[in-house]
Amino acid sequence: MLIKDEWLSIGQIAEELRVSRSTVYYWRQTGTGPRATRLPNGELRIRRSVLDAWLADREEAA
C-alpha cells in the first residue's frame, strides 16, 4: 500500500516536537532545520519524510 508523504506546516512541526514556532524558524535561519518548501502563498511546508530523516540524523549525532 502506497502512503502519501504528507506536507506539514511549521505549526504542526512545532507542536509535534513541543517547541515554539520561533525555534523552528531559528533552526531554518541558522541552517540547522529540516529542508522546507515555500508555497506560492509564502507559507512553508516540510515533508514528513524530510522531518523524519532530519530527526534520525539528530538522534545519531547525540
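Two residues are said to be in contact when heavy atoms of each lie within 4.5 Å. The structure described here is a predicted model, and its strands, its helices and two buried residues are considered in turn.

The sheet is open and consists of 3 strands, arranged in the order 1-3-2 with antiparallel pairing. Its edges are formed by strand 1 (7–9) and strand 2 (37–38), each of which pairs on one side only. Strand 1 is joined to strand 3 (residues 44–47) by 3 bridges, and these two strands run antiparallel. Within this pairing, Leu-8 has Ile-46 of strand 3 as its bridge partner. Helix 1 (residues 10–17) lies across strand 1 and strand 3 and runs at about 80° to strand 1.

Ser-9 is a residue of strand 1. Its relative accessible area is 18%; because a residue counts as buried under 20%, Ser-9 is classed as buried. When residues up to four places away in sequence are not counted, Ser-9 touches Leu-44 and Arg-45.

Val-50 belongs to helix 3 (residues 48–61). With a relative accessible area of 14%, Val-50 is likewise buried. Leaving aside neighbours within four places in sequence, the contacts of Val-50 are with Pro-34 and Arg-35. Val-50 and Asp-5 are separated by 45 residues in sequence, while the distance between their C-alpha atoms is 9.3 Å.

Notes:
Residues are numbered from 1 along each chain as its sequence is written. This is a predicted model: local features need pLDDT of at least 70, side-chain atom pairs count only at pLDDT 80 or more; totals for chains, interfaces and linings use all residues. Side-chain values use heavy atoms; hydrogens and water are left out. Two strands pair if DSSP finds at least two bridges between them. Helices (H or I, at least four residues) and strands (E, at least two) are DSSP runs, numbered from the N terminus. Axes are lines fitted to C-alpha atoms, for helices over the stretch in contact, and angles run from 0 to 180 degrees between N-to-C directions. Buried means under 20% relative accessible area, exposed over 50%, partly exposed in between (1.4 Å probe, protein chains only).
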